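Okay, thanks everyone for squeezing me in. Let me put the thing up on the screen and then we'll walk through it.

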2 protein chains.
Amino acid sequence: MSKLLIVGTVAFDAIETPFGKTDKILGGAGTYIGLAASQFNVDSAIVSVVGEDFPQAYLDMLASKKIDVSGIEIVNGGKTFFWSGKYHNDLNTRDTLDTQLNVLADFNPVVPKNYIDAEVLMLGNLHPSIQLSVIEQMVKRPKLIVLDTMNFWMNHTWDELLEVIAKVDIITINDEEARQLTGEYSLLKAAQKIHSMGPTNVVIKKGEHGALLFHNDNVFFAPALPLEEVFDPTGAGDTFAGGLVGYLTKTNDFSFENMKNGIIYGSNLASFCVEKFGTERMEDLSKEAIQKRLQQFRQLTQFEIEIA
Amino acid sequence: MSKLLIVGTVAFDAIETPFGKTDKILGGAGTYIGLAASQFNVDSAIVSVVGEDFPQAYLDMLASKKIDVSGIEIVNGGKTFFWSGKYHNDLNTRDTLDTQLNVLADFNPVVPKNYIDAEVLMLGNLHPSIQLSVIEQMVKRPKLIVLDTMNFWMNHTWDELLEVIAKVDIITINDEEARQLTGEYSLLKAAQKIHSMGPTNVVIKKGEHGALLFHNDNVFFAPALPLEEVFDPTGAGDTFAGGLVGYLTKTNDFSFENMKNGIIYGSNLASFCVEKFGTERMEDLSKEAIQKRLQQFRQLTQFEIEIA
């Protein structure tokens, strides 16, 4: 079976939404990606770093999902990366209240020996030099490298970011970031420019407005499922990416047609993620619920028109 | 064959976009709806009003599309409704530079005799009392009444608007208007509230983010086709509505399944509308081009996942 290596933050979040607020709870891109990918029963490992304050129970929970946590370094005397944010009433925008890098400031990722030949590599949102370091530790080029990044790295580490982008097969960014990266307002034109930077596949995340997959001249669109209530959007983008790479690792088919399915699975899992605070919904999600929601996605998008 | 009656403005527009500006050109909701619906070869008529300054050539063009223009009153000595607007760089927002109601101020719609029994009635965006007057002129309740409206009428003619809403089968409004009409941020909840006001079908237009159709507990989503360039968004919403009602009139099938197809046709035609200034693209659009784009919509949205 193919192996999936994930590099990403494992962290504490404190979240405030119009529906309530949390103390420090489990968060981080690596966590959300790992939980989503675990739905596909693939062999996966997370490379990350936490402090001495990080509860063993969280690591145990991840391990119980068959995620290899041996690559999550625990720094003695160190404190875990902490992010705190408050969402506005529309839940589409948020203010960061606090960011404490802590042990993340000196993070030096070490890929576990039995994952240096992983077929699929997922680079969660992190400093591009950390992402590059992980790529360089692989004994052979993975069959598929997926990159998630954000505007912060465009503003502060432009050259290193371009270096990573040139090395990956899929990039996932949001619509504003795609525009910032390329200077193009049209997402079609932006995707064309990003193709020329390296990635064959460009996934543009539009939050409640769905996601677009550009694969050379082909385009696919997956809507977000209309929900009665979005409770907490934290981790939705990472869950989307985790669903995508989990599905692609399991099926070992990186064609455009199969990538469509991965995008649908990503949207599917993200629609669960936002239903409760933090990772709560993702920790307790059944395969039956996912399959049922897949049926909803089909009803939402499939139509039959005879083409003349 | 079923007949489609359209009430809506026939007007002059002057448009400025980042790509250029026009003098006074043909515009108006009734015009765009009629042009889009004419693609389906249905018997249609427009009820509207223009001034003496309105070129006969525009009426001839509409008539050449087999649109009955006998219900477009020409007011001697009157001036045609005029709107002027300037789009911002992102083309998602615009400023109205000038609005001259002119003959529209005293518009008293008169439905042509051979359309008082039309099966489908499309109420374009106008004062609710004008929309009500048209409904009252019908000798029997049309099989399908479709309403387009906007926030202006929510702000100024609330009670009359609710009276119209209670009488229609489909309402088309944009996402912000759905929220304003109901006080619900979630579009799913907003649609549920609008159902309780009357319409069985709620179509929420999200511009470049596509359109949602809510039919009781069923939801369907049609994306907007990603385009290299949106040249002029004027009339896109009316074209969408015209495609929807044209298709429904032609097929005479108002089931949820067939309404999905209507929504796809509406999105299809709207994607052409924005490619050139004003009505230019819609006046010169072939059935072959529409069928080809239908294939693109299929590729954009259709996927095959085996559901376990």
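Quick bit of vocabulary before I point at anything: when I say a residue is buried, I mean it has under 20% relative accessible area, counting protein chains only. And please keep in mind that this is a predicted model.

So, with that cut-off, have a look at helix H1 of chain B, residues 29–37. It's mostly covered, with 9 of its 9 residues buried. Reading along H1(B), that's Ala29(B), Gly30(B), Thr31(B), Tyr32(B) and Ile33(B), and then Gly34(B), Leu35(B), Ala36(B) and Ala37(B).

Right, on to where the two chains meet. How many residues of each chain are in contact with the other? We get 39 from chain A and 39 from chain B. Putting chain A and chain B together buries about 3800 Å², and carbon and sulfur atoms give 55% of that area.

What about the charged pairs? There are 4 salt bridges counted between chain A and chain B. One you can zoom in on is Glu229(A) with Lys189(B), where the closest N and O atoms sit 2.6 Å apart. For polar contacts across this interface, the rule finds 24 residue pairs, both residues being at pLDDT 80 or more.

Now, which elements of chain A give two or more residues to the side touching chain B? Those are helix H7 (187–197), strand E15 (218–222), helix H9 (256–273) and helix H11 (287–301). H11(A) supplies the largest share, 8 residues. By type, that side of chain A splits into 18 nonpolar, 10 polar and 11 charged residues.

That's my bit, happy to spin it around for anyone.

Conventions: Residues are numbered from 1 along each chain as its sequence is written. Chains are lettered from A and ligands numbered from 1 in the order in which they are written. This is a predicted model: local features need pLDDT of at least 70, side-chain atom pairs count only at pLDDT 80 or more; totals for chains, interfaces and linings use all residues. Side-chain values use heavy atoms; hydrogens and water are left out. Buried means under 20% relative accessible area, exposed over 50%, partly exposed in between (1.4 Å probe, protein chains only). Helices (H or I, at least four residues) and strands (E, at least two) are DSSP runs, numbered from the N terminus. Contact means heavy atoms within 4.5 Å. Buried area is the accessible area (1.4 Å probe) that two parts lose on being put together, summed over both. A salt bridge is a side-chain nitrogen of Lys or Arg within 4 Å of a carboxyl oxygen of Asp or Glu. A polar contact is a pair of N or O atoms within 3.5 Å; within protein, one must be able to donate a hydrogen and the other to accept it, and residues adjacent in sequence count only if both atoms are side-chain atoms. Ala, Val, Leu, Ile, Met, Phe, Trp, Tyr, Cys and Pro count as nonpolar, Asp, Glu, Lys and Arg as charged, and the others, Gly among them, as polar.
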